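Here's a quick tour of the model you have open. Keep the viewer handy and follow along.

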Amino acid sequence: MAKEQPRQRTQAWLPLRRRRTDSSTKVKLTRCGKIVLGIIIIVIAVVILGLIVHFATCGKTFFYYHISFKVNNIDYDRKFEKPYSQEYIDINKKIVSLINETFHGSKLRRQYVKSHVVQVSRAKGKVVIHSLLKFKVCCKNKAAKFRDRIETILYQKLNGETGCLHIDSSSLRFSEMEMPTAENLLHTCCGQRTITYSGNRIAGGSDAEEGEWPWQASLQQNSVHRCGATLISNNWLVTAAHCFIRSNDPKKWNVSFGLLLSDPQKKRNIKNITIHEDYHYPAHENDIALVNLASPVLYTSNIRRVCLPEANYIFPPNSSVVVTGWGTSKTDGSIPNILQKATVKIIDNQTCNKEEIYNGMITPGMLCAGFLRGKVDACQGDSGGPLVKTDHKGIWFLVGIVSWGDQCALPNKPGVYTRVAYYRDWIMAKTGL
């Protein structure tokens, strides 16, 4: 420590001019450093901002491709025509698994989004798979190069023996698709929905969620809600015949889709209205009608079709079903803006025909649903809307059409619905569905 002290004194005795020069240089270097540091910070900020913008916009461009190929070791079965059949579900799982494996193991794994079998057709007794592929890409101007990479990967993978599938590589076809058409195909399977939640509580109902009941439509006369309807294809809806007792002129009606009456997602005009030939108001029998849209509505995540049951399908009594609509919450009440939903129970016709309930008025083409204690029911404005039930695979089927009842939610007066399975052949004859 004693040896260091003289050095400190010597430094302190340096000429005043020299000391000032050193101090000035040090200050200048500090200012220069601050400027350089500021520039570096600005550059870094610009780079980070650019990366944020890049990643925020990256993936916003979606590309869609249709592929088809024949599978030589699977015989065609007419059950493949039904997208809710176990045969269709099983083959879809196999194909999706194969395509997932194909791209998850490739350099395009980050761009690959999903695939889905949209159709199974027939060729020489074997199945032909038609599948849709969805990708997200950052650079739209590299579309041609991106397409070539996808095609190369597909031809390399879908060739001959591929797991449990024997693919005829010579049959492979690959093409691009526009987004609206592609999204329509991605959501073409009936009875499926984006949201899976449904409340247990329309009279006694609760607000629905966006996309919860994507087949629900509003039938409007001069843009005023009159009845509900159910989407069963891109062009057709099913509803109640009694909705048109005052006017069946299609030019006076239109259809809206979406959760809110005041802010519909889509609107369509009506081409024609088909009322069951044996419906005669004020009788309740054959209370069913079909609405043909003037232009097709394309499916989206929030607009989809429901599945129609087979003619011999029986929905067991006491099964939980859901009725939806924009009907009033009580007799002579006001119409809500947001779609309502309520869970009710199927009541067998024998019980519903008891003297204290409907005293023999329920025919085979009708179905009762609700609670004998009352409190939950369809009401005015719900007419024509859907009563639906899910199966064990989570697929929703149209059980009934809101038809009639004694006021709303009274004890021993459950809602009465048109039994859709009973009229399945009539629907097929009129629409081909």
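## A helix with a nonpolar face

Ile 44 sits in helix α2 (residues 16-57); helices here are DSSP runs of H or I with at least four residues, strands are runs of E with at least two, and both are numbered from the N terminus. With 44% relative accessibility, Ile 44 counts as partly exposed, that is, between buried (under 20%) and exposed (over 50%), using a 1.4 Å probe and protein chains only.

Ile 44 also joins Ile 40 and Ile 48 in a nonpolar surface patch, with about 250 Å² of accessible area together. Accessible areas come from the Shrake-Rupley method with a 1.4 Å probe, and for residues only the protein chains shown count as cover. Patch members need over 30% relative accessible area and no salt bridge (a Lys or Arg side-chain nitrogen within 4 Å of an Asp or Glu carboxyl oxygen); nonpolar side chains (Val, Leu, Ile, Met, Phe, Trp, Tyr) are joined within 5 Å, like charges within 9 Å.

## A buried strand residue

Now to Leu 231, in strand β8 (residues 224-231). Leu 231 is buried, at 0% relative accessible area. Beyond four places in sequence, Leu 231 has contacts (heavy atoms within 4.5 Å) that include Trp 236, Phe 257, Tyr 299 and Arg 304. Trp 215 is another residue that Leu 231 touches; the two are 16 residues apart in sequence and 4.8 Å apart in space, C-alpha to C-alpha.

## How far to trust it

This is a predicted model, where local features need pLDDT of at least 70, side-chain atom pairs count only at pLDDT 80 or more, and totals for chains, interfaces and linings use all residues. Residues are numbered from 1 along each chain as its sequence is written, and side-chain values use heavy atoms, leaving out hydrogens and water.

Mean pLDDT (the predictor's confidence in each residue, from 0 to 100) is 87 for the chain, with 85% of residues at 70 or more. Residues 1-27 stay under 50, with two contacts beyond four places in sequence; residues 197-201 also stay under 50, with 15 such contacts.
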